[in-house]
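Biologist: Please take a close look at one packing contact in this model. Start with the residues that meet there, then work outward to the rest of the fold.

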Amino acid sequence: MKQGESGSHDSVQLGHYSGGPSEVFSKKFEDIKRPSNSQRNSSHYSHKLLLEMTQDWRELAADKKRRQQASIPKEWILSNLPSEDTLNVLEFPETCGLLTPQEVEITNTHVDVLLKKLASAEWSSVVVTTAFAKRAIIAHQLTNCLTEIFIDRALIRAAEVDNHLKTTGAIIGPLHGLPISLKDQVSIKGIESTIGYASWVGKYAERNAVLADVLEALGAVLYVKTNIPQTLMWGETYNLIFGRTTNPSNRSLTCGGSSGGEGALIALKGAPIGVGSDIGGSIRIPSAFCGTYGFRPSTGRVPYAGSANSLEGQDTLPSVLGPLSNSIDGLKTFIQGVLSQKSWLRDPNVIRKDWSEDEYRLVEHGGGKQLCFGIIWDDGSTVPHPPIIRGLETAKKALLAAGHQVIDWKPLEHQALIDIAFSIFRGGATKDFETVSAESGEPRITSMVPGQETTAHTDPVEVKLDHSPSTYDMWQFHKTKRDLRQAYLEHWLATASETGTGRPVDAIIAPVAPFTAVPHGKFATAAYTTVWNVLDYPALVIPVSKVDQALDVKKPAHEFLNELDESNYEFYEPEAFKDAPIAFQVVGRTHEEEAVLAMGEIVDRALKAFH
């Protein structure tokens with residue numbers, strides 16, 4: 001295998017790393033005197049030290065990977081991992097022999113029940129954290145989903161949480177004792193956040209991200225961070241340090257990106273709640289591809305300050321943090337808890353808005369008694385594959401059976417919204433990526449095609465403009481975005497004449513992508529998610545089924561809308577998508593987080609009753 005190439009599934013095994021730099025460089029680091037705890041807390045010291053001592057990015061990456069391997073408890077490393085040709089590994093954690101019956105029960109328990117048992121001391125935080133940590137390590141060995149592993153530190157915290165309950169009789173907060181996983185970019189003091197850059201190996205966070213502080217104030221236990229693509233600007237997950245993360249439903253398919261490690265981990269029940277980020281679909285795509293629930297809130301609801309990021313300074317289309325879980329209750333619990341902490345006192349970009357119980361009760365949406373949903377069957381650019389259409393049809397039938405109304409949604413200027421997003425991103429993305437990667441000399445990933453990650457060029461964000469846009473040009477982009485948002489709001493409000501409820505459409509149901517999880521390197525468009533980022537609409541992903549080769553046969557060719565639509569049609573063959581989850585997103589208007597969560601619960605209940 002050539003340097004930088006990845007194996008077919010990149011599973012992690014003892015003494016072996018598939019999908020990244022060779023460990024032949026690790027020996028050099030054996031004799032390096034590691035920084036003291038006080039020095040480690042100086043990001044400048046440790047980062048500068050490593051960059052000065054090495055002349056090759058591969059050394060940095062190999063050392064980081066070696067340290068990651070060493071952080072896995074040896075007794076949790078499995079010798080009975082499934083072969084690479086075993087594609088669906090969802091059931092393996094419960095049959096591998098590592099988890100006790102109680103740990104299986106704990107990790108299969110939804111968040112609301114977990115929190116009750118933790119609050120009553122029926123289950124201690126140490127026991128619950130151990131269970132999820134073990135399952136997370138199993139998930140990692142199956143899909144390569146983790147970056148940072150700090151279980152010893154987490155168990156100390158869990159013991160402190162247990163002691164607090166024992167000595168005071170009170171819980172710390174609404175997330176008391178609950179383990180929560182974090183996307184790699186959420187900073188924790190004394191731990192690295194490389195976001196897939198070898199250049200940032202050895203760059204230890206000097207303080208927690210605001211969200212990490214908020215979660216700990218709520219009583220949560222932080223224990224692992226999860227894999228991402230280099231630069232974060234991908235719909236798949238691969239970098240030159242940790243390698244490729246695969247989809248646990250079918251390891252020949254991508255887990256999505258950029259919160260791909262979270263998607264894989266949550267799907268394998270290695271965490272009850274995980275934190276992802278989303279600038280163009282990076283929570284929703286992994287959620288949909290891996291079959292979990294996921295929520296992209298509007299900007300300003302969840303604090304972002306202190307997290308590592310790419311494209312910093314680009315504030316027109318900001319990334320947001322949000323939760324992934326195996327139930328909508330997990331998403332709601334996270335959002336409700338975070339909003340209770342008045343994060344605007346810690347992060348100036350958070351709006352001053354508490355959780356609104358009235359909005360959750362849908363007082364502006366008829367109390368949720370008879371809702372009207374608008375369904376997007378296609379966005380006028382790419383017609384979705386048959387499984388996606390079947391998922392939308394199932395949602396429509398379930399909602400009608402539950403007494404709600406469903407009408408067709410007419411997309412307005414979706415291509416223009418996508419065009420303006422990429423005009424803004426491309427204003428500085430290439431320079432941003434080049435600047436960071438130049439620190440170590442590492443190559444930039446320009447493709448997700450296995451074996452061609454640094455040689456092929458398939459990244460739309462990396463397409464260079466003929467000239468750098470001027471400040472005035474950027475102003476025009478921002479003006480166009482503003483005008484498109486205004487037009488879309490008016491378009492939405494005008495639907496009041498079509499719904500029969502006297503209200504505009506309550507929420508939109510739309511594909512997350514025109515495909516389910518795709519083979520590695522085949523992710524082609526994030527248009528179905530990015531459009532809502534430009535509009536700043538909250539969106540909740542709901543899993544509905546999985547690809548069925550008998551039901552999801554290839555349709556006769558339609559009149560293609562463009563080259564992308566044609567290529568999307570051509571590469572669909574049901575057998576290549578075996579067991580891929582099917583999902584859709586429920587979309588509301590800006591800052592309607594509470595209402596979207598409530599309407600998501602209504603949709604989810606309708607689906608479960610219909611099935």
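**A helix pair and its surroundings**

Modeller: On the H8 side, Ser125, Val126, Thr129, Thr130, Ala133 and Ile137 make the contact; on the H9 side they meet Ile151, Ala154, Leu155, Ala158, Ala159, Val161 and Asp162. By class, that contact holds 9 nonpolar, 3 polar and 1 charged residues. The charged one is Asp162, in H9. Keep in mind that this is a predicted model.

Now the geometry. Helix H8 spans residues 125–143 and helix H9 spans residues 151–168. Their axes lie 8 Å apart, and the packing angle is about 155 degrees. Angles over 145 degrees count as roughly antiparallel, so H8 is roughly antiparallel to H9. The crossing of H8 past H9 is right-handed.

Next, the sheet. It is open and has 11 strands with mixed pairing. The strand order is S1-S3-S2-S8-S10-S9-S14-S15-S13-S11-S12. Strand S1 (146–149) and strand S12 (405–408) form the edges. Each has a single partner strand, so one side of each has no neighbour in the sheet. From one strand to the next, the twist averages 30 degrees.

One pairing is worth a look. Strand S2 (residues 179–183) and strand S3 (residues 221–226) run parallel and are joined by 4 bridges. Within this pair, Lys183 faces Thr226 of S3.

Helices also pack on this sheet. Helix H13 (residues 328–339) touches strand S8 (273–278), strand S9 (293–296), strand S10 (320–325) and strand S14 (539–546). The direction of H13 makes about 145 degrees with that of S10. Helix H20 (residues 527–535) lies across S8, S9, strand S13 (507–510) and strand S15 (581–587). H20 runs at about 20 degrees to S15.

Last, a loop residue. Leu90 sits in the loop between helix H4 (57–70) and helix H5 (92–95). Its relative accessible area is 30%, so Leu90 is partly exposed. Leaving out residues up to four places away in sequence, Leu90 touches Pro248, Ser249, Ala267 and Leu268. Glu393 is 303 residues from Leu90 in sequence. In space, the C-alpha atoms of Leu90 and Glu393 are 26 Å apart.

Terms used. Residues numbered from 1 in each chain as written. Predicted model: local features only at pLDDT ≥ 70, side-chain atom pairs only at ≥ 80, totals over all residues. Heavy atoms only, no water. Helix = DSSP H or I, 4+ residues; strand = E, 2+ residues; numbered from the N terminus. Buried < 20%, exposed > 50% of the residue type's maximum accessible area, 1.4 Å probe, protein only. Contact = heavy atoms within 4.5 Å. Axes fitted to C-alpha atoms, helices over the stretch in contact; angles between N-to-C directions. Parallel < 35°, antiparallel > 145°, perpendicular 65-115°, else oblique. Left-handed = near helix turned anticlockwise from the far one by under 90°. Pairing = 2+ DSSP bridges.
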